[in-house]
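The exercises below are to be worked with the sequence and the coordinates at hand. Each task is followed by a solution that proceeds step by step.

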Amino acid sequence: MSSDSTMSTGGSGKKARRLKLPAPNAIIGGGLIGTLLAVAATGALWTPYEPLKLSFREKLVAPNAAHWLGTDEFGRDVLSRLMAGAATSVWISLLTVTLAVLLGTLIGLISGYTRGWTDRIIMAFNDALLAFPGILLALGLLAVVGANKYGIILALGIAYTPSVARVVRGTVLSLREREFIAASRVMGNSEAFTMARHVLPNCIAPLTVLATSMFGYVLLAESALSFLGLGVPPPAPTWGNMLAGSRPYIGQAVWLGIFPGLCISLTLLGINLLGDALRDKLDPRMRGAR
Amino acid sequence: MIQAFSSEVGTGSREENASSKNPQPLLDVAGLTLRIGEAGRTVVDDVDFQVFPGEIVGIVGESGSGKTLAARAVMGFIPPAVRLVGGTIRFDGQDVMAMSGKDLRAMRGSKVGMVFQEPMTSLNPSMLIGRQLDEGLALHRKLDAAARRALILDMLRRVGLKDPEGALESYPHQFSGGMRQRIMLASVMLLRPALLLADEPTTALDAVVQRDVMELMVGLTQENGTAVLLISHDLGMVARYCSRIVVMCQGEVVEQGKSEDILARPQHAYTRKLLSAMPHRLPARELPQAKTPIVSVRDLVVDYPGRQGFFRKSTPKRALHGISLDVQPGEVVAVVGGSGSGKTTLGQSIAGLVKSSSGAILFDGKPITKGEAGYWDYRLNCQMVFQDPYSSLDPRMTIGELVAEPLRLVPGMESAAKAARVAEVLSEVGLGDGFAGRFPHELSGGQRQRVAIARAVVRRPSFVIADEPVSALDVTVRAQVLELFDELQKKHGFSCLFISHDLGVVEQVADRVVVMQDGRIVEEGPRDAIFDAPQHAYTQKLLSAVPGLESTGEGGVRLFWRRAENDASIVS
């Protein structure tokens, strides 16, 4: 009797799903991130002022009609610097997260699926790395690879890999006890196929959540590195080093800290909303639930 | 043991005496109507029933029938989304709905106790048993610690724990499911409530343990004069222990009355449907004699490695002690036994999921080792249906993809032929065209199990292992799935190893029955011989836990219970 009730909704449900507007979090998140990406891609080309141009007559000017977001201690236009810095900050964060997710997923999958001694050795190493705060690990790595854009990406990427590996391994461990993995083996599928077809796709939900929150950490970590003088070297603007550089002037020129901070916050908000929407979209169980 | 308890019976029976003179019902539910939201679906519709002091009443229905909601409403436990729209619940003359939070809390535990379905989660895993039992007692009774401890020890002894002192200092995970349910029962009965709500108290347990726990519950409540409201989907069990039965279907009470009347002369069509869904024996079939068994297991030994630490390895646990078994082509062999009997391990090692320590498994006369000539033939021809349809289907794949997946490995099959086969098999299992594009979570449990069966038979295998394929399903759905399985088996003639703890199901499908206990086969024979003249004590014990059915006229049945010759006491 339950079959009848579900059968009737089958065909019409699918059509309705296609016509429906995206969820509100997808719209807001997508809007924020879309703007950000557009600015990151083209921002450096149409900045109102030259982002690196010094103008000591206009230093620490409060936001006004000429300088919408004010100027910094060297008289550089904050809006122009934010637009130019977006590219660097976003590029660093994106590449770092991608690197960490790829490496971590690979390690986690191998570790969780093989188990035994391979797992123990990998995880012992992984846990040793986790014991260091990410930023400390990144500092150590930066000392080796040198403080430039790609050095930061490599260092932060490696520093955030262990936590991804942990999450993936945990998910894989719980997944491999599920009966559909056993079913796949009974079918005669190879281990590699089972991993690619059944295990990996089911790790996507926790990975999306992790990757979006990591994006935020990386944006902040980049600014922390800049603060310590190990970030992207000045005068090239990034949101991180703008925020770091605003500190001595927080009393006289509050806008110097507020606007880069606001940019970082809005980016994080957008990424989180988009991440939620993406996770729901990718998970068939959430489809049509709204 | 009984002496130790008799001191308590004194006070308990006095209460009973007082109330038994009173013709007033202990619990009186009238016109109870619950809805999801103010104007939503009605989940409990105008339900009336009564429970008199000391009586055992059963509410029977399938999932979604509203039986659990109706019972929980008695305690004032309704989920936030559910609204009470009408009706009254009177407990001992008081209106439960009008009670203040304080009165409700005083009633819960001390006057109305509740035992839940899942013993694995209903005890707090991080609390010592002693402290958990003490919690309610300290709250509701004015006794000092020593007196409470004495009461708890008494009760634990009464529910059959061998070492009550030790149990007080143990955590729930150190006990099996059956033992936990006894502890749960002890914690509830400590307060000697006037009414016990038991919501599917033994559904998660296997047949023998189920019977032991039920007998214990009935015994304990009788001693204390406690009335029981037993909620279950298992009509056979309810009929065995309850004096009256309330049958619920889609939120409504469709029938209620004395147990014998309901069984023998069911009035409502739904009750008749429930009765006909109870497994029944079909006439034995003649099987063609074949020379080579399709699967032949020889002296199979399986060890599970013990926990491995960095420095030490504990001793391995032997799950199978030299099993030998033959399955003839076209034959359905049932493997039965309680939990821990090794029946699942046997199925998994034949499926190649568990490595054996010694012994051999021959498929069509050829050993099934990877790399051997017969291996691929065996891989293609041996399929498995798993117990839990919620975990055996990949949640990210559509039904069509799931059923098509096994065909990927079939050599030389065109994709058009594959698509045709998938459609054919889906319609064979009763899932029409609309299902191929849907995801498992959009399906009910029974439909999912149909998908699992479709996936197992899509390659037209010659041998299917079914590991408890229906034990996660509702009674009427179970009957439908069993019927489907039987149909497919007859149509395609595959042999089957049917693993189950439920003898009723086995009686319906098996040609031959193998009884396992502690990793050994204790008895083996044709179905009728095992069911009518069991030889081994364990087989008798298993059989005594399930009802036999005899149909009467008028669509009803009469249940009979087989007694084991030297039945162990209920406290085993």
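A residue is counted as buried if 20 or more other C-beta atoms lie within 10 Å of its own, as exposed if 12 or fewer do, and as partly exposed in between. The coordinates belong to a predicted model.

**Exercise 1.** Determine how helix 8 of chain B is placed with respect to the rest of the structure.

*Solution.* Begin with the geometry: helix 8 covers residues 177-189 of chain B, 13 residues in total, and reaches 18 Å from its first C-alpha to its last, which is close to the 18 Å expected at 1.5 Å a residue. Next, apply the burial criterion to each position, which gives as buried G178(B), R180(B), Q181(B), R182(B), I183(B), M184(B), L185(B), A186(B), S187(B), V188(B) and M189(B). Since 11 of the 13 residues are buried, helix 8 of chain B is largely enclosed by the rest of the structure. Finally, identify the surroundings: the buried residues of this helix pack against several elements of chain B, including strand 6 (112-115), helix 5 (129-140), helix 6 (145-158) and helix 9 (207-224).

**Exercise 2.** Locate D46(B) and Q250(B), and state the phi and the exposure of each residue.

*Solution.* Take D46(B) to begin with: its phi is near 50°, a positive value in a residue other than glycine, and it is found in strand 2 (residues 42-51) of chain B. Because 15 other C-beta atoms lie within 10 Å, D46(B) is partly exposed. Turning to Q250(B), phi is again positive, at about 50°, although this residue is not a glycine, and its place is in the loop between strand 9 (244-249) and strand 10 (252-258) of chain B. Q250(B) has 16 C-beta neighbours inside 10 Å and therefore counts as partly exposed.

**Exercise 3.** Describe the side of chain B that touches chain A.

*Solution.* Start from the contacts, in which 26 residues of chain B meet 20 residues of chain A. Then assign elements: helix 14 (375-381) and strand 16 (382-385) of chain B each supply at least two residues of this side. Sorting the residues of this side of chain B by character gives 11 nonpolar, eight polar and seven charged.

**Exercise 4.** Where in chain A is confidence lowest, and where is it highest?

*Solution.* The average pLDDT of chain A is 81, and 91% of the residues score at least 70. By element, confidence is lowest in helix 1 (residues 2-19) of chain A, with a mean of 42, and highest in helix 6 (residues 149-176) of chain A, at 90. Over residues 1-18 of chain A pLDDT stays under 50, and the model has 14 contacts beyond four places in sequence for this stretch. Where pLDDT is low, the predicted coordinates should not be read in detail.

Definitions and conventions
Residues numbered from 1 in each chain as written. Chains lettered and ligands numbered in written order. Predicted model: local features only at pLDDT ≥ 70, side-chain atom pairs only at ≥ 80, totals over all residues. Helix = DSSP H or I, 4+ residues; strand = E, 2+ residues; numbered from the N terminus. Expected span 1.5 Å × (residues − 1). Contact = placed C-beta atoms within 7 Å. Nonpolar A, V, L, I, M, F, W, Y, C, P; charged D, E, K, R; others polar. pLDDT = per-residue confidence, 0-100.
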